[in-house]
Amino acid sequence: MTTTNATQAPIAQHAGNQGAASLTQAPHVLHNHRLKHTHATAHVPNRAAHYDTSLSIPVRKYLQTYGLTPPRVESYEVQKKRCLGQLAQKTTDIEKFLYLSTLRYNNVHLFYRLLTDQFSDLAPLVYTPTVGEACQRWSEIYQQPEGMYLSFEDKGHLSSIIQNWPQTNVEITVVTDGSRILGLGDLGIGGMGISIGKLALYTGCAGIRPEVTLPLTVDLGTSNKTLREDPLYMGSRRDKVTAEEEKDFLDELMRALKERWPDIVIQFEDWKNPFPSLERYRQDYAMFNDDIQGTGAVIMGGIIGAVKQSGVAPRDQRAVFFGSGSAGVGVAKQIVEYFMHEGLTEEEAKSCFWLVDSKGLVTQDRGDKLAEHKIYFSRTDNHGQQFKTLDEVIEYVKPTILMGLSTIGGAFTPEILRKMAAWNERPIIFPLSNPSSKSECTFEEAINYTDGRALFASGSPFQPYAFKDKMYHPGQGNNMYVFPGIGLGTILCKAVQVTQGMIYASGEALPTMITEEEKQLALLYPAITRIRDVSARVALYVIRAAQKDNVDRLHYLREMSDEALEAWIKSKMYDPHRETKELESEVREIVDDLVASKL
Ligand SMILES: NC(=O)c1ccc[n+]([C@@H]2O[C@H](COP(=O)([O-])OP(=O)(O)OC[C@H]3O[C@@H](n4cnc5c(N)ncnc54)[C@H](O)[C@@H]3O)[C@@H](O)[C@H]2O)c1
Ligand SMILES: O=C(O)C[C@H](O)C(=O)O
Ligand SMILES: [Mg+2]
């Protein structure tokens, strides 16, 4: 046995050392194999959390970290003051992003304490919009491993490579190939930023433990020539693999993930053409596509309130979608389902939508071969007329709803916004493209050019805006309101699939969280500061839908009342504030036991 300096130090001299007396009598070397709370950072199974400066002296001694951190035992308030002070000294958002990444790596619980406490300020730095720039500059700003990279060249060996992931338990992964990151195009392995960012929100919003999350990026080549020629680029130099090659690779990947972690939930994120993989895997895996389904659900959740406030019945709504990709079609289909719940037939509901892509209005007789996912919404009532620009389309349709999922920043011009205001008492205007630079208009523009009458939600965050002596508050129609709860609900009830019913339910949950005060302010989404409660509610709805669809496996949850189930969900959520306290009491209990056994 060796003697540590720590145990020889006069414990009683230190502040915050209640219970120290028992430690003075404890054996010199204590092994921490009994600890449940040996939490790692998201990636490296080191003891970073054991260096938290809020840990008491006896606990530091037990953990053998005594002397390795400055002597003072700090409150969270002091830790927060220091961190926010350091953050404030960073002059650019990317520096702030890096500071926060390093903090997460070095002290995961402190990072999540800060994120949950200061969510409105910090989420835009950890996630959209800053994560967009981080992905663009990933190979330049790279600092530490925080996820898994699997290459096309690894095909045939994925199962054994996945064994390298140091955490034994993984409950959820976000997987991207980086081929369509936000509205920024193909960023290759830079997509890792988005997997990490989404999973940070899984933990921050839905309380999924950080060490059971796996950020995953597959390097299937990149169509981005600039990246391929960049000497710093950290991915392969190959061009994008073919769709057939991608399919074979993904088949192997999905099998390998499930083989190692049979209950894993898999979220696909930011793939250029994600429809085939969703169709291929949705039955056999607990998987969903965030851009098609998460976005569909979150926008449906906002539209429910917007349609009510507009005073226009669903059957009289006329929705122009600028952008007909994964998100555009996902959102339109989800709203069709909502309109059907409101009594419309599928044909009636579908006829409320006009989709626009880079070639103009999507019609059946446009003369080009429409991508599979656009056919459902292609118009047949255009009498041979074609409409090339957004201007032409909106003049033709005179919409009540204008959705932007086009990646074209500024596409909703002042003229278009003015027209929306002229045709509608409460025009519904949702510029949903990310990041902020790709937003089809800003909040300020929407308010200015509609004389404050727009019912507004954007993908990226905007600040409240004062107009004619009145304060206006933007809604953020971002899938972050639902994906954390979808994942949490799926994990907790051990669902074997993420059904369409579960997706629909996640969107339905959102309006139930809007307070009376928020309704008075015409807000379409609950305040983001309540995101943990919102995610718990989403998880409740998702679990109920899983039960209805018979895909849940934790059947005793079926017997619980909604109140009891929601409370149970909350009790399962990781709470970074509780974490260090639990470590403290666990260590103290062990030490007391050990001391007692020596008496
Ligand atoms: N708010 C959210 O939660 C959320 C969720 C998912 C996606 N998005 C955003 O939506 C945007 C699109 O994502 P996606 O997955 O659908 O991408 P995508 O590549 O599948 O689709 C983009 C669509 O925009 C159209 N488009 C491109 N240039 C155009 C032009 N000049 N004129 C008209 N249409 C044009 C394309 O034809 C295509 O239909 C991205 O900016 C993404 O960040 C937002
Ligand atoms: O990542 C986001 O902020 C939302 C969405 O998934 C997107 O692709 O834009
Ligand atoms: Mg996305």
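This note walks through a predicted model of a single chain, from its overall form down to individual residues.

1. Overall form. The chain has 599 residues, and its radius of gyration is 26 Å; a compact globule with that number of residues would come near 25 Å, so the value agrees with that form. Along the principal axes, the C-alpha atoms fill a box of roughly 90 × 60 × 55 Å. As for the interior, 50% of the residues of the chain count as buried.

2. Secondary structure and long-range contacts. The chain contains 27 helices and 14 strands. If we look at contacts with a separation of 6 or more, 74% of them join residues that are 24 or more positions apart, a point worth keeping in mind when reading the sequence beside the structure.

3. Domains. The domain assignment divides the chain into four named parts: domain 1 is made of two segments, 5-74 and 582-598, while domain 2 covers 137-272, domain 3 covers 293-477 and domain 4 covers 482-573. Between domain 2 and domain 3, the distance from one C-alpha centre to the other is 31 Å.

4. A covered helix. How many of the ten residues of helix α6 are buried? Nine of the ten are, and helix α6 (residues 108-117) is therefore largely enclosed by the rest of the structure. The buried residues are V108, H109, L110, F111, Y112, R113, L114, L115 and T116. Their packing partners are six helices, namely α4 (76-89), α5 (93-106), α7 (119-126), α11 (192-206), α25 (531-548) and α27 (576-598). It helps to recall that an α-helix has 3.6 residues a turn, so residues three or four places apart point the same way.

5. A covered strand. Strand β2 (residues 172-176) is mostly covered, with five of its five residues buried. The side chains alternate in direction: I172, V174 and T176 point one way from β2, whereas T173 and V175 point the other way, and the residues of both groups are buried.

6. The partners of β2. Strands of a sheet pair through backbone hydrogen bonds, either parallel or antiparallel. Strand β2 pairs with strand β3 (residues 213-219) in the parallel sense over five bridges, and within this pairing V174 stands opposite P215 of β3. Strand β2 also runs parallel to strand β4 (residues 265-268), to which four bridges join it; here I172 has V265 as its bridge partner. Together with helix α11, the strands β2 and β3 form a right-handed β-α-β unit.

7. The annotated site. Which residues does UniProt list for "active site"? The unreviewed entry names Y127 and K198. These residues span 72 residues in sequence, yet their C-alpha atoms are not more than 7.0 Å apart, so they gather at one spot. A careful reader will note that this label comes from an unreviewed record.

8. The surroundings of Y127. This residue sits in the loop between α7 and α8 (130-136). Y127 is buried because 28 other C-beta atoms lie within 10 Å, where 20 or more are enough to count as buried. Apart from its neighbours within four places in sequence, Y127 is in contact with G197, A200, L201 and M480.

9. The surroundings of K198. Are K198 and its side of the site buried or exposed? K198 has 27 C-beta neighbours inside 10 Å and therefore counts as buried. It lies in helix α11, the helix that takes part in the β-α-β unit with β2 and β3. Setting aside neighbours within four places in sequence, K198 is in contact with V174, Q267, E269 and F483; of these, V174 belongs to the residues of β2 described above.

10. A seven-stranded sheet. An open sheet of seven strands follows the order β8-β7-β6-β9-β10-β11-β14, and its pairing is mixed. At the edges stand β8 (360-361) and β14 (475-476), each with a single partner strand, so one side of each is left without a neighbour in the sheet. Inside the sheet, strand β10 (residues 428-431) and strand β11 (residues 455-458) run parallel and are joined by two bridges, with I428 standing opposite L455 in β11.

11. One buried residue in a helix. I447 is placed in helix α21 (residues 443-449), and it counts as buried because it has 24 C-beta neighbours inside 10 Å. Beyond its neighbours within four places in sequence, I447 is in contact with G452, A454, Y465, F467 and Y472. Measuring from C-alpha to C-alpha, I447 and A466 are 9.3 Å apart in space and 19 residues apart in sequence.

How values were computed: Residues numbered from 1 in each chain as written. Chains lettered and ligands numbered in written order. Predicted model: local features only at pLDDT ≥ 70, side-chain atom pairs only at ≥ 80, totals over all residues. Buried ≥ 20, exposed ≤ 12 C-beta atoms within 10 Å, placed from the backbone. Contact = placed C-beta atoms within 7 Å. Pairing = 2+ DSSP bridges. Right-handed = clockwise from strand over helix to strand, strands pointing away. Domains from an automatic or database assignment. Rg over C-alpha atoms; globule rule 2.2 N^0.38 Å. UniProt positions renumbered as here; feature names shortened; annotations may be inferred.
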